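Here is a walk through one chain and its ligand, written to be read with the model open. Have the viewer ready and follow along.

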Amino acid sequence: MPDQPQNQSPKHMHKKSFFAEILSLPNDSTKKTVFVALVLCLICSILVSTAAVALKPLQLKNKEADIKQNILAVAGINPEGKNIDEQFKQFDVKVVDLNTGEYVDNIDPDSYDQRKAAADPALGVPIPGEKDIAKIGRRSKYAKVYLLREGDEIKQIILPIHGYGLWSTLYGFIALEKDANTIKGIKFYEQAETPGLGGEVDNPKWQAKWIGKKVFDDKGNLRFEVIRGQVVAGISGSEYQVDGLSGATLTSRGVSNMVKFWLGEDGFGPFLKKFRSRNKTK
Ligand SMILES: Cc1cc2nc3c(=O)[nH]c(=O)nc-3n(C[C@H](O)[C@H](O)[C@H](O)COP(=O)(O)O)c2cc1C
């Protein structure tokens, strides 16, 4: 009988000899190449999934900071060199029932995710085809609003908006003055339109053209529009119009429609009406 270590089972010996056997094969053998490739795949997939899991909280934090930065920017606040969270304290973040236009107290604005809510059967509603000018299919019943305070006074209302352009759904914010009518700014934090064409929605020069434009006329009709071509200054109605992006009529129309949807009766319309009448009585 050949010598055999007493505590080594035949199974263990077999395993050991399997690896040893593979590694002792010549480098150009198919078996060894496949084995090394498989081991490499396994190591890489473990590394990638560990990194994805470990970096998730950081990604969420960065996303939140980016959204806050966009809200500050659309309100015309430059947080450069200052702490974003500190600057953000100027805003009251509230949740609004879009149907009634009233604030709701039983939803925590910090944890409320409007995108997820839209897809949730209990928290979202389908938008009938003829009303779905923003081409989003569904909307949440409740939406966040950001109120820029100065002491007791509300200086601006920042509203989240989104809608379909040509290639993508654009997500952004529109800021209104305290009259709930004059535009203070527009900004998109997510879009995938063509750079140089629809992607010009991110161009500060184009965004500057929105400042001071009105959304509603004196009778409360929603008149705002991103037109095709250039606005003729001074003509009747030009106060509601913004230049279309040249070579990007479809993205421009998408932006125009999303503003009409979100500031209209099926979006923040009821909230804006209540906000205006509340401010009038003050
Ligand atoms: C590669 C490519 C990318 C385009 N990207 C956009 C875009 O992001 N947004 C857009 O409105 N039009 C885009 N267009 C142009 C549209 O197809 C369409 O021609 C345009 O919106 C019409 O605008 P105009 O009447 O101002 O020329 C793109 C066209 C091509 C060929």
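## Two loops with an odd phi

Start with Lys 135, which sits in the loop between β3 (124-126) and β4 (138-140). This is a predicted model, so treat the backbone angles below as values computed from a prediction. Lys 135 has a phi near 55 degrees, a positive value in a residue other than glycine. For context, most residues other than glycine have a negative phi. Lys 135 is partly exposed, because 15 other C-beta atoms lie within 10 Å.

Ala 180 also has a positive phi, near 55 degrees, and it too is a residue other than glycine. Its home is the loop between β7 and β8. How many other C-beta atoms lie within 10 Å of Ala 180, and is it buried or exposed? There are 23 of them, so Ala 180 counts as buried.

Now look at Gly 229, in the loop between β9 (225-226) and β10 (241-242). Gly 229 counts as exposed because it has 11 C-beta neighbours inside 10 Å. If you want a sense of distance, pick Ile 154: it is 75 residues from Gly 229 along the chain, and the two C-alpha atoms are separated by 35 Å.

## The whole chain

Zooming out, the chain has 7 helices and 10 strands. Its radius of gyration is 28 Å, where a compact globule of 282 residues would have one near 19 Å. Along the principal axes, the C-alpha atoms fill a box of roughly 105 × 45 × 45 Å. Of the 282 residues, 26% count as buried. As for contacts with a separation of 6 or more, 54% of them join residues 24 or more positions apart.

## The sheet

Which strands make up the open sheet, and in what order? There are 6 of them, running β2-β1-β5-β6-β7-β8 with antiparallel pairing. β2 (103-104) and β8 are the edge strands, each pairing on one side only.

Some of the pairings are worth stepping through, and here are three with their bridge counts.

| Strand pair | Sense | Bridges |
|---|---|---|
| β1 and β5 | antiparallel | 7 bridges |
| β5 and β6 | antiparallel | 5 bridges |
| β7 and β8 | antiparallel | 6 bridges |

To get your register in the β1 and β5 pair, find Lys 94, which stands opposite Val 145 in β5. One strand over, Tyr 146 has Ile 158 in β6 as its bridge partner, and Arg 149 stands opposite Ile 154 in β6. β5 and β6 form a hairpin with 2 residues between them, and Gly 151 in the turn has a positive phi of about 65 degrees.

β7 and β8 make a hairpin as well, with 5 residues between them; this is where Ala 180 turns up again, in the turn. Across that pair, Phe 173 stands opposite Lys 187 in β8. And what about β8 itself: is it enclosed or open? Although β8 is an edge strand, 6 of its 8 residues are buried, so it is largely enclosed by the rest of the structure.

## The nonpolar core

The largest nonpolar core has 45 residues, and the ones that touch the most other members are Ile 158, Leu 159 and Ile 174. Elements giving two or more residues to this core include the strands β1 (91-97), β5 (142-150), β6 (153-164), β7 (169-177) and β8 (183-190), along with the helices α2 (30-74), α6 (249-263) and α7 (269-280). The largest share, 6 residues, comes from α6.

Leu 159 is a good residue to click on. Leaving out residues up to four places away in sequence, Leu 159 touches Val 145, Phe 173, Ile 174, Trp 262 and Phe 268. Two of these names came up in the sheet: Val 145 as the residue opposite Lys 94, and Phe 173 as the one opposite Lys 187.

## Around the ligand

Finally, which residues surround the ligand? They are Leu 166, Trp 167, Glu 193, Thr 194, Leu 197, Gly 198, Ser 246, Gly 247, Ala 248, Thr 249, Leu 250 and Thr 251. Sorted by class, this shell has 5 nonpolar, 6 polar and 1 charged residues.

Conventions
Residues are numbered from 1 along each chain as its sequence is written. This is a predicted model: local features need pLDDT of at least 70, side-chain atom pairs count only at pLDDT 80 or more; totals for chains, interfaces and linings use all residues. Helices (H or I, at least four residues) and strands (E, at least two) are DSSP runs, numbered from the N terminus. The radius of gyration is taken over C-alpha atoms; the globule rule is 2.2 Å times the number of residues to the power 0.38. A residue is buried if 20 or more other C-beta atoms lie within 10 Å of its own, exposed if 12 or fewer, and partly exposed in between; C-beta atoms are placed from the backbone. Two residues are in contact if their C-beta atoms, placed from the backbone, lie within 7 Å. A residue is near a molecule or strand if its C-beta atom, placed from the backbone, lies within 6 Å of it. Ala, Val, Leu, Ile, Met, Phe, Trp, Tyr, Cys and Pro count as nonpolar, Asp, Glu, Lys and Arg as charged, and the others, Gly among them, as polar. A nonpolar core is a set of buried Ala, Val, Leu, Ile, Met, Phe, Trp, Tyr and Cys residues joined through C-beta atoms within 7 Å. Two strands pair if DSSP finds at least two bridges between them.
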